[in-house]
Amino acid sequence: MDTTYHVIRADGSKTTSTTTLPQEPTFEQIKAIVSPALDGEPLERVRVLVDDRYTDMFVSELGHRELTTRPPLPINADATRIYRANWLKQHPDDDPDSLPAIAGTALLFDSRVWF
């Protein structure tokens, strides 16, 4: 099945690609696509709401932690907005800036790939 995904970088640049995946891909198949975009960072999957439908976004598992071994990853404003949309749809009066942010590169799939 052709699957489209978007690499969203912290500097605001984006690229879109399409790959072929089975209807329910394995972790290794997903990791083979996501890992290069995240420069080998350990990946974390987050469920996100895009155009009123749930899909999967993958980010660096270390992006939200303070690390002393290297500089922190830069905040990714576009990925953060996507990540916060689900919460804000259910809690519209909450302050978006009080919610966690996404740091570093994110990879957003157009459809669910994590089952």
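Which residue follows H1 with a positive phi? That would be Asp 39, with phi near 55 degrees. Here is a set of close-ups from this predicted model, beginning with the whole chain.

**Figure 1. The whole chain, end to end.** The protein chain has five strands and two helices. Starting at the N terminus, the elements come in the order β-β-α-β-β-α-β. The radius of gyration is 14 Å, close to the 13 Å that the globule rule gives for 115 residues, so the chain is as compact as a globular protein of that length. Along the principal axes, the C-alpha atoms fill a box of roughly 40 × 35 × 25 Å. Of the 115 residues, 37% are buried. Take the contacts between residues at least 6 apart in sequence: 58% of them join residues at least 24 apart. As for the surface, the chain exposes about 6900 Å², and carbon and sulfur atoms supply 50% of that.

**Figure 2. Helix H1 and what it packs against.** H1 covers residues 27–37. Its buried residues are Ile 30, Ile 33, Val 34, Ser 35 and Ala 37. These pack against E1, E2 (14–20), E3 (43–50), E4 (53–60) and E5. Look just past the helix and you meet Asp 39 again, the residue with the positive phi.

**Figure 3. The largest nonpolar core.** This core has 13 residues. Those with the most contacts inside it are Tyr 5, Ile 33, Val 34, Phe 58, Leu 107, Phe 109 and Val 113. E1, H1 and strand E5 (106–109) each supply at least two of the core's residues. H1 gives the largest share, with four. For a closer look, pick Ile 33: leaving out residues up to four places away in sequence, Ile 33 touches Tyr 5, Thr 19, Leu 21, Leu 107 and Phe 109. There is also a second, separate core of 11 residues, and among its members are Val 46, Val 48, Val 59 and Ala 79.

**Figure 4. Aromatic rings, with Tyr 5 and Phe 109 up front.** Searching the whole structure turns up four aromatic pairs. One of the pairs is Tyr 5 with Phe 109, whose rings sit 5.7 Å centre to centre, with 50 degrees between the planes, making the pair tilted. This pair links distant parts of the chain, since Tyr 5 belongs to strand E1 and Phe 109 to strand E5, 104 residues apart. Are these two residues buried or exposed? Tyr 5 has 14% relative accessibility, so Tyr 5 counts as buried. Phe 109 has 1%, so Phe 109 counts as buried too. Zoom out a little and ring pairs link Tyr 5, Phe 27, Phe 58, Phe 109 and Trp 114 into a cluster.

**Figure 5. His 6 and its polar partners.** His 6 sits in strand E1, which spans residues 2–8. Which side chains does the side chain of His 6 make polar contacts with? One is the side chain of Thr 16, at 2.8 Å. Another is the side chain of Asp 110, at 2.6 Å. Setting aside neighbours within four places in sequence, the residues in contact with His 6 are Thr 15, Thr 16, Ala 106, Leu 107, Leu 108 and Asp 110. Leu 107 may look familiar from Figure 3, where Leu 107 is listed with the residues that have the most contacts inside the largest core.

Note on methods
Residues numbered from 1 in each chain as written. Predicted model: local features only at pLDDT ≥ 70, side-chain atom pairs only at ≥ 80, totals over all residues. Heavy atoms only, no water. Polar contact = N/O pair within 3.5 Å; in protein donor to acceptor, adjacent residues only side chain to side chain. Contact = heavy atoms within 4.5 Å. Core = buried A, V, L, I, M, F, W, Y, C linked by side-chain atoms within 4.5 Å. Buried < 20%, exposed > 50% of the residue type's maximum accessible area, 1.4 Å probe, protein only. Rg over C-alpha atoms; globule rule 2.2 N^0.38 Å. Areas by Shrake-Rupley, 256 points an atom, 1.4 Å probe, with all protein chains shown as cover. Phe/Tyr/Trp six-rings, centres within 6.5 Å; stacked < 30°, edge-to-face > 60°.
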